[in-house]
Amino acid sequence: MGIYVLKRTLLAVPTLVIASIIIFLLIHLAPGGPVRVMLGPMQDPALVEKLRAQLGLNLPLHEQYLLWAGKALQGDFGISVTIQRGAPVFDLIAQRFLVTIELAALSIVIAIAIALPTGMISALRQNRLSDHAARIVALLGVSIPNFFLGIIFILVFGVLLQMPWGSGGFVPMSEHVGRNLLHMILPAIALGTAFSAIIMRMTRSAMLDVMGQDYVRTARAMGIRRRSIVLRDITRNAMIPVVTVIGNSFGYLLGGSIVTETLFRLPGIGNLIITGVFRRDFPVIQGVVLSIVVLYVLVNLIVDLTYSWLDPRIRYGGSR
């Protein structure tokens with residue numbers, strides 16, 4: 001296991017290097033820049049050049065990248081130049097990431113709580129009324145955009161029912177746990193609904209595939225109780241593709257909740273990156289996107305390690 005983790009970590013290095021290069025180039029090749037935002041209408045050429053020199057933007061791109069990458073390896077993502085001038089980017093990310101991780105965790109918990117029981121029932125009662133109803137609901141869940149569902153929630157709970165937490169906002173968990181969860185539950189449901197539909201469909205498909213295996217038919221022929229077969233043989237073996245979908249979903253939620261965070265006024269990482277793009281804060285954008293990539297790689301490693309727990313036949317030496 002230790003050797004496998006080491007190999008995966010080493011393989012992640014070129015992935016992160018390539019990702020960092022792409023991030024850096026795309027941001028610096030985009031039109032506009034922080035100097036224009038900082039100066040506003042005062043576009044004096046001499047002042048522009050002075051600021052560019054102070055920020056290191058007058059250096060060749062490869063030199064800028066090497067300077068940034070070298071500092072990033074030490075945990076220094078630079079300082080914010082337009083959002084909060086002089087503030088370390090790492091501190092800005094650390095403050096916001098806790099909100100995004102909480103939102104992603106709540107969303108995936110809601111998705112799993114809905115999807116796993118529904119998918120299992122749908123598979124075990126194939127082609128019955130409950131199966132058809134579950135598949136229709138799953139189709140609706142995939143089809144409805146999370147931002148539209150979020151708008152509906154705000155209209156119902158914030159406007160019609162006038163709930164103080166219904167129109168967005170945020171209360172830190174350190175300040176009040178109950179109010180924090182109240183403000184997070186609607187965006188978590190809005191995000192988790194679509195993923196619950198995806199996980200449900202994968203659960204149903206994986207269980208139906210396992211139910212057709214020879215060892216399941218043999219267990220039934222031996223007279224083993226149906227509940228034992230479902231829990232021990234079918235469900236556990238069907239979880240491998242489901243865990244993959246859950247891991248990918250969680251990774252996506254870490255970087256894909258931008259619209260929902262903006263809609264519900266949550267001070268998360270998505271809100272930060274949107275502000276960074278509008279204000280052309282290069283260090284903030286680079287730091288946020290690179291942090292998301294690192295977390296996504298870490299989530300995929302955890303998912304891979306979960307496989308051996310679900311199926312002991314899997315060995316990380318390359319054989320099974």
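Start with helices H5 and H6: their axes are oblique to each other. The model on screen is predicted. Select residues 89-124 for H5 and residues 129-143 for H6. The two pack at an angle of about 135°. Their axes run 8 Å apart. Angles over 145 degrees would count as roughly antiparallel, and 65 to 115 as roughly perpendicular, so this value falls in the oblique class.

Look along the pair next. H5 passes H6 in a left-handed crossing. Now show side chains at the contact. On H5, pick Thr-118, Ile-121 and Ser-122. On H6, pick Ser-130, Asp-131, Ala-134 and Arg-135. Colour them by class: two are nonpolar, three polar and two charged.

**Second stop: H5 and H12**

Keep H5 and add helix H12, residues 269-278. The packing angle here is about 135°. The axes lie 7 Å apart. H5 and H12 are therefore oblique to each other.

Select the contact residues. H5 supplies Leu-92, Ile-93, Arg-96, Phe-97 and Thr-100. H12 supplies Ile-269, Gly-270, Asn-271 and Leu-272. The class count for this contact is five nonpolar, three polar and one charged.

**Third stop: aromatic rings**

Switch to the rings. The structure holds seven aromatic pairs. One of them joins Tyr-65 and Trp-68. Their ring centres are 6.1 Å apart, and the planes meet at 55°. That makes the pair tilted.

Show helix H4, residues 61-73, around these two rings. Tyr-65 and Trp-68 are three residues apart in H4, so about one helical turn separates them. Are these two side chains buried or exposed? Both Tyr-65 and Trp-68 are buried. Add Phe-24 to the selection: Phe-24, Tyr-65 and Trp-68 form one aromatic cluster.

**Last stop: Phe-77 and Phe-90**

Select Phe-77 and Phe-90, another tilted aromatic pair. The centre-to-centre distance is 6.3 Å, with 45° between the planes. Where do the partners sit? Phe-77 is in the loop between H4 and H5, while Phe-90 is in helix H5. The pair therefore ties together parts that are 13 residues apart in sequence.

Turn on the surface and check each ring. Phe-77 has a relative accessible area of 11%, so it counts as buried. Phe-90 comes out at 45% relative accessibility and is therefore partly exposed. The cut-offs behind these labels are under 20% for buried and over 50% for exposed.

Definitions and conventions. Residues are numbered from 1 along each chain as its sequence is written. This is a predicted model: local features need pLDDT of at least 70, side-chain atom pairs count only at pLDDT 80 or more; totals for chains, interfaces and linings use all residues. Side-chain values use heavy atoms; hydrogens and water are left out. Axes are lines fitted to C-alpha atoms, for helices over the stretch in contact, and angles run from 0 to 180 degrees between N-to-C directions. Helices (H or I, at least four residues) and strands (E, at least two) are DSSP runs, numbered from the N terminus. Angles under 35 degrees count as roughly parallel, over 145 as roughly antiparallel, 65 to 115 as roughly perpendicular and the rest as oblique. A crossing is left-handed if the near helix is turned anticlockwise from the far one by less than a right angle, and right-handed if clockwise. Contact means heavy atoms within 4.5 Å. Ala, Val, Leu, Ile, Met, Phe, Trp, Tyr, Cys and Pro count as nonpolar, Asp, Glu, Lys and Arg as charged, and the others, Gly among them, as polar. Rings of Phe, Tyr and Trp (its six-membered ring) pair if their centres lie within 6.5 Å; planes under 30 degrees apart count as stacked, over 60 as edge-to-face and the rest as tilted. Buried means under 20% relative accessible area, exposed over 50%, partly exposed in between (1.4 Å probe, protein chains only).
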